[in-house]
Amino acid sequence: MRTIRETVQLVRAGKVEATRLVKNALKRTESEADLNAFTLLNAKAAIARAARIDAEIATGESLGPLAGIPVVIKDNMNVAGLDTTAGTPGIRYQPDQSALVVTRLIEADAIVLGKTNLHELAFGVTSINAAFGAVRNAADPRCFAGGSSGGTATAVAADLCLAGLGSDTAGSVRLPAALCGAVGFRPTTWSVSPDGVVPSVPTFDVVGPITRCVEDAAMIYSIMTNSLVPEPRPVSELRIGLASPYILDLEPNVERAFDNAMDRLKRAGVTIVNVDLAAISENSFDIGFPIGFYEMRRALTRFLQSMQTQASLETVVDKVASEDVRSVYLDSVLGSGAPSQRAYDEAIARIPMLRTRYREILEAHRLDAIAFPTSPLQALPIEGLADTVALAGETIPVMAAFMRNVAPTGVYGAPGLSIPLPKSRRSLPVGLELDGLPDDDLDLLAVGMAVESVLD
């Protein structure tokens with residue numbers, strides 16, 4: 001597998017044509033259409049842009065660090081000239097300007113292959129979308145891809161593109177990346193501009209890359225934020241915390257893969273330290289839900305007005321096709337279950353304390369990152385999927401089970417990186433999550449590159 005950097009070197013040297021990369025990606029997309037990764041393809045414009053890049057190379061012009069690289073964009077981010085739908089029938093508009101993060105990739109000479117499917121309104125963990133169809137898992141199309149950035153994750157994992165963008169509020173980049181077998185990076189919340197992205201919960205929302213390796217994620221992140229690509233950390237210097245309760249009550253295949261990974265890291269010289277985040281985890285959910293449901297109403301209302309879509313939140317919700325999303329909006333966002341202003345203010349006021357406690361734990365143990373399985377479960381079959389799932393002897397909602405490990409990171413505002421773990425051919429993908437301290441994104445990516453070198 002070539003990295004993005006290696007592929008760009010070949011394109012710049014004229015050894016691989018950008019046109020060939022794009023046409024091959026489109027051909028694979030056609031052959032893997034049953035994955036339902038896209039809401040919209042940008043084929044004609046992508047081929048034309050690739051041809052211009054090849055012509056510029058032939059005349060010796062200088063090109064950006066993503067020259068000729070096909071990328072995909074989750075369909076809750078604006079791409080100029082392409083429809084934005086957020087995966088729901090009540091929203092459809094064509095922006096004149098791209099989201100800032102998309103603009104930066106395009107200015108780096110990436111080629112937008114298309115917009116990717118998602119869980120409707122980016123609220124869900126499966127990407128089973130009743131309006132656009134279910135996104136299927138590249139590792140096993142009988143299973144769901146995870147959500148809400150399922151289309152981007154399965155497109156990357158199926159090798160339909162070299163990289164893509166997703167958005168992560170409570171795990172929506174990391175979870176589908178883990179379930180599909182890709183790398184997913186959630187940056188520190190405030191490190192990436194939300195300009196031109198359909199909001200969910202602004203206090204927690206952030207755009208992040210989904211890629212095939214950590215180096216590629218670091219490269220995309222560096223372009224998104226105008227930062228440098230970090231160098232891998234020496235493995236033997238790393239101190240990683242095993243984060244309870246996220247390492248408990250795991251599906252057997254997940255537990256086996258995670259334990260094997262920890263053993264390999266120990267043998268490579270990594271210092272492993274046990275840490276207890278149980279109190280922080282519990283507080284994160286107590287804080288997260290009132291903030292989430294309160295902001296989902298106000299943020300989307302303001303965004304629809306700013307984009308002059310002529311749609312109100314009520315008309316959008318009225319057309320929501322997925323029953324799980326519709327019921328949450330009708331009850332907890334617009335209905336009697338919606339949080340009060342007081343409940344929201346009290347939850348917001350608790351965030352600094354939670355973030356301080358999180359930082360204190362990592363600093364007290366001198367940790368470079370904490371580690372846990374991205375999801376306690378592997379992907380489940382789409383056919384016959386129930387509303388609940390068995391985990392640790394209990395029957396709990398599917399969304400709660402798959403959010404359990406990833407949601408608190410969004411409340412901390414911290415960076416989180418999901419890396420695929422080695423697995424048998426017959427096993428579905430399992431992700432290892434590494435979380436760092438807010439604003440230490442480059443450090444976490446450097447740790448991730450070191451860990452990946454041991455596990456890959």
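Reader: Which residues point one way from S13, and which the other way?

Author: In this predicted model, Gly431, Glu433 and Asp435 point one way from S13, Leu432 and Leu434 point the other way, and all of these residues are buried. In a regular strand the side chains alternate between the two faces of the sheet.

Reader: What makes strand S13 largely enclosed by the rest of the structure?

Author: A residue counts as buried under 20% relative accessible area. Five of the five residues of S13 (residues 431–435) are buried, and therefore the strand is largely enclosed by the rest of the structure.

Reader: How do you know that S9 and S13 pair, and in what sense?

Author: Pairing requires at least two bridges between the strands. S9 and S13 have four bridges, so they count as paired, and the sense is antiparallel. Within this pairing, Ala371 stands opposite Leu434 in S13.

Reader: How many bridges join strand S12 to S13?

Author: Five bridges join S12 (residues 416–420) to S13, and the two strands run antiparallel. One of the bridge partners in S13 is Gly431, which is matched with Pro420.

Reader: What makes S10 and S11 a pair?

Author: Against the requirement of at least two bridges, strand S10 (residues 388–391) and strand S11 (residues 394–397) show four, in the antiparallel sense. Val389 has Ile396 in S11 as its bridge partner. The hairpin of S10 and S11 has two residues between the strands, and Ala392 takes a positive phi near 55° there.

Reader: Why is H9 called roughly perpendicular to H11?

Author: Helix H9 (residues 278–306) and helix H11 (residues 323–333) pack at an angle of about 100°, and their axes are 9 Å apart. Because the range for roughly perpendicular is 65 to 115 degrees, the term applies to H9 and H11.

Reader: Which residues in H9 and H11 meet, and of what class are they?

Author: Phe293, Met296, Arg297 and Leu300 in H9 meet Val328, Tyr329, Ser332 and Val333 in H11. By class, the contact of H9 with H11 has six nonpolar residues, one polar and one charged. Arg counts as charged, and Ser falls among the polar residues.

Reader: Why does Thr152 count as buried?

Author: The relative accessible area of Thr152 is 0%, and the cut-off for buried is under 20%, so the residue is buried. Thr152 is found in helix H5 (residues 150–157). Leaving aside its neighbours within four places in sequence, Thr152 is in contact with Val72, Ile73, Lys74, Thr116, Asn117, Gly164, Leu165 and Ile210.

Reader: What does the side chain of Thr152 reach?

Author: The side chain of Thr152 reaches the backbone oxygen of Leu165 at 3.0 Å. A polar contact requires N or O atoms within 3.5 Å.

Reader: Why does Ser222 count as buried?

Author: Ser222 has 7% relative accessibility, which is under the 20% cut-off, and it therefore counts as buried. Ser222 has its place in helix H7 (residues 214–225). The side chain of Ser222 reaches the backbone oxygen of Met219 at 2.6 Å. Apart from neighbours within four places in sequence, Ser222 is in contact with Ser227, Leu228 and Val229.

Reader: Is Ala379, in the loop between S9 and S10, buried or exposed, and what makes it so?

Author: The relative accessibility of Ala379 is 6%; because this is under 20%, the residue counts as buried. Ala379 is found in the loop between strand S9 (369–373) and S10. Its contacts, neighbours within four places in sequence left aside, are with Asn137, Cys143, Phe144, Leu179 and Leu428. Ala379 and Cys180 are 199 residues apart in sequence and 8.1 Å apart in space, C-alpha to C-alpha.

Reader: Why is Asp159 called partly exposed?

Author: Asp159 has a relative accessible area of 36%; as buried means under 20% and exposed over 50%, the residue is therefore partly exposed. Asp159 is found in the loop between H5 and strand S4 (163–168). It has a positive phi of about 65° although it is not a glycine.

Reader: Why is Asp249 called partly exposed?

Author: At 47%, the relative accessible area of Asp249 is between the two cut-offs of 20% and 50%, so the residue is partly exposed. Asp249 lies in the loop between S7 and H8. Phi of Asp249 is positive, near 55°, in a residue other than glycine.

Reader: Which residues does a cis peptide bond join?

Author: One cis peptide bond joins Gly147 and Ser148, with omega of about 10°. Ser148 is found in the loop between strand S3 (111–116) and H5. A cis peptide bond also joins Ser244 and Pro245, with omega of about 15°. Pro245 is found in the loop between strand S7 (239–244) and helix H8 (252–267).

Key. Residues numbered from 1 in each chain as written. Predicted model: local features only at pLDDT ≥ 70, side-chain atom pairs only at ≥ 80, totals over all residues. Heavy atoms only, no water. Axes fitted to C-alpha atoms, helices over the stretch in contact; angles between N-to-C directions. Parallel < 35°, antiparallel > 145°, perpendicular 65-115°, else oblique. Contact = heavy atoms within 4.5 Å. Buried < 20%, exposed > 50% of the residue type's maximum accessible area, 1.4 Å probe, protein only. Polar contact = N/O pair within 3.5 Å; in protein donor to acceptor, adjacent residues only side chain to side chain.
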